[in-house]
Every structure is written in C-alpha cells, then in structure tokens.
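Me: Please take a close look at salt bridges for me. Then add a few notes on other spots in the chain.

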Amino acid sequence: MSSFKSDFLHTLQERGFIHQISDPEGLDALLSKEMVSAYIGFDCTAPSLHAGSLVQIMMLHWLQQTGHRPVALMGGGTTRIGDPSGKDESRRILSPEEIDTNKAGIRKAFAGLLRFGEEGNDALMPDNAEWLLTLNWIDVLREVGRHFSVNQMIQRDSVRLRLEREHHLSFLEFNYMVLQAYDFVELYRRHGVRLQMGGSDQWGNIVSGVDLGRRLEQVEMFALTTPLLTTATGAKMGKTAEGAVWLNPEMLSAYEYWQFWRNAADADVGRFLKLFTILPMDEIARLEALGGSEINEAKKVLATEATALLHGREAALAAGDTARRTFEAGESGEALPTVEVPRAELEAGIGVLAAFVKAGLAGSNGEVRRLIRGGGVKVNDAAVSDERAVLGLADLGEDGAIKLSSGRKRHALLRAS
C-alpha cells in the first residue's frame with residue numbers, strides 16, 4: 001500500500017475510501033502544496049439522499065477537515081436528463097417544482113458534516129442549473145461536443161452495459177456524460193475546482209471531465225473514486241427490506257437511523273466505523289478487536305457516532321437510550337417513531353392490520369397477516385394471533401400511546417391526537 005504525503009489522501013486511504021485515482025502522485029503533490037477545491041455531484045431525484053451517499057459526503061467532510069474546500073454540486077440541471085450509470089431503465093422526468101423540492105430536502109444531509117460559507121475553505125453548494133439551463137445547443141456542439149469521441153463514449157460502462165443487455169438508452173441519457181464533463185470544467189472556471197470525486201460507477205464520466213478540462217482550459221484535473229459499497233450480505237448500501245435509509249431527518253427518525261447502524265452485520269462493523277464515523281483510528285482498532293457478544297458494544301458505538309453526525313449528539317444518545325429501554329428493559333421509550341391517530345378513530349376502533357400499515361411497520365395488510373402467522377406482531381408487548389383484532393382507547397397506555405412491534409427490532413407508537 002503506497003504512502004501518501006497529503007493528509008487528505010492519507011486519511012482516505014487508511015479509512016478505505018479509495019478505489020481509483022487518475023494520477024495518484026500528481027494529486028498527492030497538489031494537495032500537499034495548496035488548498036484544493038474538489039466536488040461531488042448529487043442529482044435531485046428524491047427528496048433525500050440515502051445512506052449509500054454517505055461515503056461521498058464523508059469524503060467531502062474529510063476534505064474540509066484536512067484544509068481543502070468541498071463543493072457539493074446540486075444537479076438541478078442534470079436531474080432533467082438522467083444518469084444511465086448502473087441502471088437498466090430511463091429515469092422518470094421530473095418537473096422543475098419537484099426538482100426544487102428534492103433539492104431542499106437533500107441539503108439537510110450536509111448540515112452537520114460540512115461548514116458552509118464564503119471564506120477560506122468553507123464549503124460551497126452551487127447548482128448546475130445555473131449554467132446548463134442557459135447553454136446554447138449549437139455552441140455546445142461546436143465548443144464541447146467536438147472533443148468527445150462516440151467510439152470512446154460507447155465503451156464507458158454506463159453506456160456499454162446498457163447496450164450489451166439490449167436495454168433502451170435514449171439520446172437524452174447518452175448526453176449525460178457530456179454534461180457532467182462540462183460541469184467539471186465550469187466549476188474549474190468559477191471556483192478553481194481541480195478534483196472530482198464519486199462512486200466507482202462514475203469513473204468514465206469523471207475522466208471525461210478530466211480530458212475535457214485539459215482540452216478546453218489546458219489545466220490538469222484529477223479523478224478519484226470510491227469502491228462500490230455493499231454490506232457483508234451483498235446488499236446495496238443504504239437499502240433494507242423496509243426500503244431506503246433516508247438521510248433527511250423528516251423522512252427517517254433518529255431512532256430508526258440508529259437502529260439501521262445497530263443492526264449492521266458483525267463483519268461490517270470495522271469497515272463502517274472507518275467510513276461512517278470520525279472516531280480516531282486507534283479507537284476503531286480497539287472496537288474492531290472485540291469478539292463474541294462484545295461486538296454488540298461496538299455496534300452501539302457505531303450507531304451512536306453515525307447518528308450524531310446526522311441528527312446531533314443529543315438525538316443519538318436519546319435513540320440509544322430508547323433502544324436500551326425497549327429491548328433490554330421492555331419499556332416503550334419516548335424516541336420511538338410516533339404516528340398520530342385522531343381520537344375519534346380510536347374510539348370507533350382501528351384494525352390491527354391497518355394500524356401496522358399506518359405506523360409504517362408493514363407495507364400492506366397482507367404483510368401484516370404474514371407477520372401475525374409467524375408470531376411477529378405484538379401490541380403493547382403482547383403477541384397478536386388474530387388478524388381481525390381491533391385496537392381502541394382501552395389499549396392506550398399511561399403515556400397515551402399504543403406500542404406496536406414488528407419482530408424484535410421494529411417498533412412504533414400509535415398516539416391519540
């Protein structure tokens with residue numbers, strides 16, 4: 001393993017962030033010599049990023065911590081096109097209003113991890129709609145398009161894999177690579193950005209920008225990618241059986257977020273501590289060495305530290321305390337996800353199937369039925385065997401809520417309003 005002189009690359013390497021670098025020696029020398037501006041792009045396809053995007057956000061965090069300037073580029077323009085990388089189907093075209101709403105939700109994931117401002121190495125958050133929406137088509141063809149080889153473009157993984165599987169690739173998506181490369185050049189012109197980072201599936205798009213920068217601006221730019229991140233079970237990072245693990249606090253509570261990290265597989269704990277916390281490496285080494293049942297203590301540290309970065313230390317500690325009381329002491333805990341139900345609805349009675357769906361503990365009545373048959377449904381810690389059971393005011397506890405449990409690890413409160 002090569003040794004980097006710059007603090008940034010040294011930190012990334014020891015924590016497992018690096019997959020490819022276009023010119024490792026050149027980038028290391030630049031980072032050692034001056035403050036470097038680097039960017040990662042985030043398209044606005046949903047009202048929140050999910051935990052799979054945390055690897056990229058953490059790289060921007062470490063960039064700033066080692067004295068450089070992070071640029072989190074919002075893809076208000078490229079979201080209108082759709083990136084074909086790693087996908088078999090075209091992205092749904094969103095309205096400008098949907099994109100703006102999504103962008104506002106996405107920004108919330110960065111608040112605790114980056115320092116934004118206008119001085120020194122304060123982080124920036126531009127939107128590529130600023131320049132892409134005003135481009136003239138003929139000018140783009142003359143000034144940018146002539147530097148792209150179709151022969152090379154169809155060899156990029158994002159295009160080649162779609163064509164090999166004979167899945168539709170629109171001309172719209174084919175242009176995504178050109179726009180991303182142009183973003184890199186435009187960010188260099190506006191903010192002096194010399195490095196673009198991203199996931200390994202972005203390598204082809206990023207090096208296209210490196211090449212375009214050299215051709216248009218005669219400047220050396222750099223590319224850095226992270227490994228494709230999956231869990232020990234092979235599942236895509238940031239996704240669970242229940243759905244995406246959202247970073248927007250309004251879409252996933254601190255308690256549910258804490259539980260996601262607490263439920264990490266034993267084999268993932270050390271790697272996740274390096275990638276998703278800011279704990280010192282010697283402390284991570286100590287936690288990694290724990291074996292047997294002690295690994296659960298390491299998982300609790302992972303959960304608390306990862307949650308603190310996104311939701312704040314107070315919310316993380318409260319989530320951990322709720323988990324302890326829920327699982328170890330059998331109490332309900334105030335930080336459990338709570339769903340308000342009109343008191344009149346509880347007076348009339350709400351079916352257990354509907355209650356679990358309403359609380360987000362199941363996706364359908366059929367799923368609740370299967371859980372009941374498997375003994376996985378509890379109301380106020382008592383097993384439910386009758387799928388026709390009805391919940392009412394009599395089920396409210398002293399705290400004015402009904403505790404619903406799906407399996408051993410998923411809980412919610414149904415509270416009368």
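**Salt bridges, up close**

Reply: Let's start with a group of five: Glu-130, Glu-186, Arg-189, Arg-190 and Glu-217 are joined in a network of salt bridges (a Lys or Arg side-chain nitrogen within 4 Å of an Asp or Glu carboxyl oxygen). Keep in mind that the model is predicted: local features need pLDDT of at least 70 and side-chain atom pairs 80 or more, while totals for chains, interfaces and linings use all residues. Residues are numbered from 1 along each chain as its sequence is written, and side-chain values use heavy atoms, without hydrogens or water.

Now zoom in on one link of that network. The side chains of Glu-186 and Arg-189 form a salt bridge, with 3.5 Å from N to O. Both residues sit in helix α10, which covers residues 176-191 (helices are DSSP runs, H or I, of at least four residues, strands are E runs of at least two, and numbering starts at the N terminus). Glu-186 and Arg-189 are 3 residues apart, which is about one turn of the helix. How do the two partners sit relative to the surface, buried or partly exposed? Glu-186 counts as buried, at 9% relative accessibility, and Arg-189 counts as partly exposed, at 39% (buried is under 20% relative accessible area, exposed over 50%, partly exposed in between, with a 1.4 Å probe and protein chains only). If you are looking at the structure, find α10 and then pick out Glu-186 and Arg-189 along this helix.

That network is part of a bigger tally, since a search of the whole structure turns up 19 salt bridges. Here are two of the others, and each of them ties together parts of the chain that are distant from one another.

Take Lys-108 and Glu-250, whose side chains meet at 2.6 Å, N to O. Lys-108 is in the loop between α4 (96-107) and α5 (129-132), while Glu-250 is in the loop between β7 (243-244) and α12 (254-262). Along the chain, these partners are 142 residues apart. Lys-108 counts as partly exposed, because its relative accessibility is 35%, and Glu-250 counts as exposed, because its value is 63%.

Next come Glu-345 and Lys-358, with their side chains in a salt bridge of 3.7 Å, N to O. This one runs from helix to helix: Glu-345 belongs to helix α17 (residues 343-348) and Lys-358 belongs to helix α18 (residues 352-358), 13 residues apart. Glu-345 is partly exposed, at 27% relative accessible area, and Lys-358 is partly exposed too, at 38%.

While you're around α4, have a look at Pro-96, which has its place in that helix. Pro-96 counts as partly exposed, with 40% relative accessibility. Its C-alpha atom is 9.5 Å from that of Thr-79, and the two residues are 17 apart along the chain.

Now for a couple of backbone details. In helix α1 (residues 7-15), the buried residues are Phe-8, Leu-9, Thr-11, Leu-12, Gln-13 and Arg-15. Just after that helix, Gly-16 adopts a positive phi of about 85 degrees. Gln-218 also has a positive phi, about 50 degrees, although Gln-218 is not a glycine. You'll find Gln-218 in the loop between α11 (203-217) and β5 (222-226). At 63% relative accessibility, Gln-218 counts as exposed.

Finally, see how helix α13 sits against two other helices. The axes of α13 (residues 269-276) and α14 (residues 281-288) come within 9 Å and cross at roughly 160 degrees, which makes α13 roughly antiparallel to α14. For α13 and helix α15 (residues 295-311), the axes come within 10 Å and cross at roughly 20 degrees, which makes α13 roughly parallel to α15. (Axes are lines fitted to C-alpha atoms, for helices over the stretch in contact, with angles from 0 to 180 degrees between N-to-C directions; under 35 degrees is roughly parallel, over 145 roughly antiparallel, 65 to 115 roughly perpendicular, and the rest oblique.)
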